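Hi everyone, thanks for making time today. I'd like to walk you through one model, starting from a single residue and working outwards.

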Amino acid sequence: MSSDALRAAPESAFRLGDVQPGFRGVITAVRRPSGSAPGATDPEELELRLLEFGFVEGAQVEVLQEGPIGGDPIAVRVDDMRVALRRSEAMNVILAAAST
């Protein structure tokens, strides 16, 4: 986990975009993307959009499904709401595995 988004995160941290269906975790941080590809959502706008969708620190997350082509988009449950988002956007949500 050498990316800038995980640099200060503990070893048990995962990016939402890296986990598979069935994974359950707790959001520990939502990070603003460091760069932006042409045509991509503005980093500040993306961070605000994720927060508005309920991707806030302490929220429970479960990955429900992934798209058939390249696993994109992914469907996740955030507390009691279901949301679909691109894996590239999900990479900005940092999780800790839920204790079982």
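So, to get going: in which strand is the place of E62? It sits in β3, the strand that covers residues 60-66. Before I go further, please keep in mind that this is a predicted model.

Let's stay with E62 for a moment. Is E62 buried or exposed? Its relative accessible area is 15%, and the cut-off for buried is under 20%, so E62 counts as buried. What does its side chain meet there? The side chains of E62 and R77 are joined by a polar contact of 2.7 Å. If we set aside the neighbours within four places in sequence, E62 is in contact with F23, R24, A75, V76 and R77. One of those, R24, is also the bridge partner of E62, as seen from the other strand.

That brings me to the strands around it. R24 belongs to β2, residues 24-30, and β2 pairs with β3 in the antiparallel sense over three bridges. β3 also pairs with β4, residues 74-78, again antiparallel, this time over five bridges. In that pairing, V63 stands opposite V76 of β4.

Now let me zoom out to the sheet. How many strands does the open sheet have, and in what order? There are six, in the order β1-β6-β2-β3-β4-β5, and the pairing is antiparallel. At the edges we find β1 (13-15) and β5 (81-85), each pairing on one side only. From one strand to the next, the twist averages 40°.

On the β1 side, three bridges join β1 to β6, which spans residues 93-97, and the two strands run antiparallel. You can pick out the register from two positions: F14 stands opposite L95 in β6, and R15 stands opposite I94 in β6. On its way into the sheet, β6 is also joined to β2, by five antiparallel bridges. There, V30 stands opposite V93 of β6.

And the chain as a whole? Its secondary structure comes to two helices and six strands. Following the sequence, the pattern reads β-β-α-β-β-β-α-β. Of the 100 residues in the protein chain, 38% are buried. If you like contact maps, here is one for you: among contacts between residues at least 6 apart in sequence, 63% join residues at least 24 apart.

Next, the aromatics. How many aromatic pairs does a search of the whole structure find? The search finds one. The rings belong to F14 and F23: their centres are 5.3 Å apart and their planes are at 65°, so this is an edge-to-face pair. The two partners are not equally covered. F23, at 17% relative accessibility, counts as buried, while F14, with a relative accessible area of 29%, is partly exposed. And you'll remember F23 from the contact list of E62.

Let me turn to the loops, where a few details may catch your eye. A59 is found in the loop between α1 (43-52) and β3. Its relative accessible area is 2%, so A59 is buried. Leaving out residues up to four places away in sequence, A59 touches G25, V26, I27, G54, V78 and D79. The last of these, D79, is 20 residues from A59 in sequence, yet the C-alpha to C-alpha distance is 5.9 Å.

D79 itself is found in the loop between β4 and β5. Although D79 is not a glycine, it has a positive phi of about 50°. At 41% relative accessibility, D79 counts as partly exposed. For those of you who check peptide geometry, have a look at P73 too, in the loop between β3 and β4. The peptide bond from D72 to P73 is cis, with omega near 0°.

Last, a word on confidence. What average pLDDT does the protein chain have? The average is 83, and 79% of the residues score at least 70. Over residues 1-9, pLDDT stays under 50, and the model has 13 contacts there beyond four places in sequence. Where pLDDT is low, the predicted coordinates should not be read in detail.

That's my tour, and I'm happy to take questions.

Key. Residues numbered from 1 in each chain as written. Predicted model: local features only at pLDDT ≥ 70, side-chain atom pairs only at ≥ 80, totals over all residues. Heavy atoms only, no water. Pairing = 2+ DSSP bridges. Helix = DSSP H or I, 4+ residues; strand = E, 2+ residues; numbered from the N terminus. Axes fitted to C-alpha atoms, helices over the stretch in contact; angles between N-to-C directions. pLDDT = per-residue confidence, 0-100. Contact = heavy atoms within 4.5 Å. Buried < 20%, exposed > 50% of the residue type's maximum accessible area, 1.4 Å probe, protein only. Polar contact = N/O pair within 3.5 Å; in protein donor to acceptor, adjacent residues only side chain to side chain. Phe/Tyr/Trp six-rings, centres within 6.5 Å; stacked < 30°, edge-to-face > 60°.
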